[in-house]
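Q: Could you take me on a close look at one part of this model, the first helix and what surrounds it? I would enjoy a connected account rather than a list.

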Amino acid sequence: MAQFRPALSGIVRYGGVLTLVLGIFLWTGNFDALKSYHMLLGIIVVLALWLLAGVYAASGKANIGMVSAAIVLGLAQALLGMSQESILPATGHWIIQVVHLLLGLGVIGIGESISMAMKKARPAVN
């Protein structure tokens, strides 16, 4: 199952960065047509993170804290992303946007940490 690590890691890494870029475009208020792409890509990134965490957990060499963090961060990001328009819709909405951005960075970061841990745990090939 570890053979899926590069693909899942790439989805989290590059998909996450693209999602962040789309989110920044949305933040300006001039690119509302990109919202559905941003949401779809965000869902794909969170699912890839969870799959990556699952593959890591199944390896038997997993750090349960990292796996748990991936699940919690992914869930928090997905829930906040889908409901953020109704939270502090007035002048305080920027706070929700910043939290959503920080969670997105956390999703990418924990995905990278899991990927690196899996790489290190892989047996050396002679």
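A: Happy to. Let's begin with the whole chain: from the N terminus on, its elements run α-α-α-α, that is, four helices and zero strands. Please keep in mind that this is a predicted model. Along its principal axes, the C-alpha trace spans about 60 × 25 × 15 Å. The chain has 126 residues, of which 34% count as buried. Among contacts between residues at least 6 apart in sequence, 66% join residues at least 24 apart.

Now to helix 1 itself, and to its partner, helix 2. A pair of packed helices is described by two quantities, the angle between the axes and the distance between them. For helix 1 and helix 2 (residues 35-58), the angle is about 150° and the axes are 8 Å apart. Because angles over 145 degrees count as roughly antiparallel, that is the description that applies to helix 1 and helix 2. Their crossing is left-handed.

Which residues make up this contact? On the helix 1 side they are Arg5, Leu8, Ser9, Ile11, Val12, Gly15, Gly16, Leu18, Thr19, Leu22, Gly23 and Leu26. Helix 2 meets them with Lys35, Tyr37, His38, Leu41, Gly42, Ile44, Val45, Ala48, Leu49, Leu51, Leu52 and Val55. By residue class, the contact of helix 1 with helix 2 divides into 15 nonpolar, seven polar and two charged.

One residue of that contact deserves a closer look: Ser9, found in helix 1 (residues 5-27). Its relative accessibility is 2%, and because buried means under 20%, Ser9 counts as buried. Leaving aside residues up to four places away in sequence, Ser9 touches Leu52, Glu112 and Ser115. Leu52 is among the helix 2 residues of the contact just described, whereas Glu112 belongs to helix 4 (residues 93-121).

Glu112 also brings us to a salt bridge. Its partner is Arg13, and the closest N and O atoms of the two are 2.6 Å apart. This pair links distant parts of the chain, with Arg13 in helix 1 and Glu112 in helix 4, 99 residues apart. How accessible are the two partners? Arg13 is partly exposed, with a relative accessible area of 27%, and Glu112 at 22% also counts as partly exposed.

Ser115, another of the residues that Ser9 touches, can be placed relative to Pro6 as well. Pro6 lies in helix 1 and is partly exposed, with a relative accessible area of 45%. Pro6 and Ser115 are 109 residues apart in sequence, yet 7.9 Å apart in space, C-alpha to C-alpha.

To finish, let's return to helix 2 through Lys35, one of the residues that meet helix 1. The salt bridges come to two, and Lys35 forms one of them with Glu85, the closest N and O atoms being 2.3 Å apart. Here too the pair links distant parts of the chain: Glu85 sits in the loop between helix 3 (64-83) and helix 4, Lys35 in helix 2, and they are 50 residues apart. Glu85 counts as exposed at 54% relative accessibility, while Lys35 at 31% counts as partly exposed.

Methods. Residues numbered from 1 in each chain as written. Predicted model: local features only at pLDDT ≥ 70, side-chain atom pairs only at ≥ 80, totals over all residues. Heavy atoms only, no water. Buried < 20%, exposed > 50% of the residue type's maximum accessible area, 1.4 Å probe, protein only. Contact = heavy atoms within 4.5 Å. Axes fitted to C-alpha atoms, helices over the stretch in contact; angles between N-to-C directions. Parallel < 35°, antiparallel > 145°, perpendicular 65-115°, else oblique. Left-handed = near helix turned anticlockwise from the far one by under 90°. Nonpolar A, V, L, I, M, F, W, Y, C, P; charged D, E, K, R; others polar. Salt bridge = Lys/Arg side-chain N within 4 Å of Asp/Glu carboxyl O.
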